[in-house]
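Visitor: I would like to understand the reasoning behind the labels used for this model. Could you walk me through it?

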Amino acid sequence: MDFSAYEEKIKGILSPKRYYHSMRVASQARSLAQKYGADTDKAYLAGMLHDIMKELSFKDSIEYCDKNGIKLTFIERNTYKILHGIIGADYIRQNCNINDVDIINSVRYHVTARARMSLLEKIIYLADFTSDDRSFDGVDNLREAVQINIDTGMLAALSFSVRELLDKGDCYIHPDTLEAYNDVMKDILRNNS
Ligand SMILES: [Fe+2]
Ligand SMILES: [Fe+2]
């Protein structure tokens, strides 16, 4: 698959730093797809595109949603960080000729996660946390967890994310994130019993 047109597209939209991050996430997504038996081209492409709308301002993000008929919940309308996933999914469908629902959903849910995620959705969520350009406290634990199995990775990443949001103490936690946590926990507890 030729990714060059998509690469040019994100290069033109994003800052050099974000473009670099996107390419590193693409690479990590491809490697996780290889390991877990997902489509490596879709993973690479979704990784490349996941943050395509990350640099839209809060005001422009709200305007985009209103103009394009995207309904937002109260929490979404008031949480800037979440909007780029929602808008990115719509943008790639409208402007990058992406019709693959799994790729679109992987972009849509890469910030919040959700219950019953597809393998590709999990891979993009985890690649975003563990790409080699990341250097936050705890990244090594997450990198280890994603190599054990995909749900161990998801539990570690969701726990990290919820804990981080609680520690910040100044933002909402999207219900999709809590549902994702409980959903992964359900599978883990079921497999342990
Ligand atoms: Fe993002
Ligand atoms: Fe990202």
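Guide: Gladly! This is a predicted model, and a good place to start is the iron ion (ligand 2), whose protein donors are His21 (NE2), His50 (NE2), Asp51 (OD) and Asp128 (OD), at 2.2 to 2.3 Å.

Visitor: What makes these atoms donors of the iron ion (ligand 2)?

Guide: The cut-off for N, O and S atoms is within 2.8 Å of the metal. The atoms here lie 2.2 to 2.3 Å from the iron ion (ligand 2), so they count as donors.

Visitor: Why is the site of the iron ion (ligand 2) called irregular?

Guide: Its 4 donor atoms make angles of 83 to 174°. A tetrahedral site needs all angles between 85 and 135 degrees, so that label is ruled out. The site is classed as irregular.

Visitor: How do you know that His50 is buried?

Guide: Buried means under 20% relative accessible area, and His50 has 0%, so the label applies. Asp128, at 10%, is buried as well.

Visitor: Which residue bridges the iron ion (ligand 1) and the iron ion (ligand 2)?

Guide: That is Asp51, and the two ions lie 3.6 Å apart. The iron ion (ligand 1) is coordinated at 2.1 Å by Asp51 (OD), His84 (NE2) and His110 (NE2).

Visitor: Why are His84 and His110 said to tie together parts of the chain?

Guide: His84 sits in helix 6 (residues 80–95), while His110 is in the loop between helix 7 (101–108) and helix 8, so the pair joins parts 26 residues apart in sequence. His84 is buried at 7% relative accessibility, and His110 is buried at 3%.

Key
Residues numbered from 1 in each chain as written. Chains lettered and ligands numbered in written order. Predicted model: local features only at pLDDT ≥ 70, side-chain atom pairs only at ≥ 80, totals over all residues. Heavy atoms only, no water. Donors = N, O, S within 2.8 Å, 3.2 Å for Na, K, Ca; no water. Tetrahedral: all angles 85-135°; square planar, octahedral: opposite > 155°, others 65-115°. Buried < 20%, exposed > 50% of the residue type's maximum accessible area, 1.4 Å probe, protein only. Helix = DSSP H or I, 4+ residues; strand = E, 2+ residues; numbered from the N terminus.
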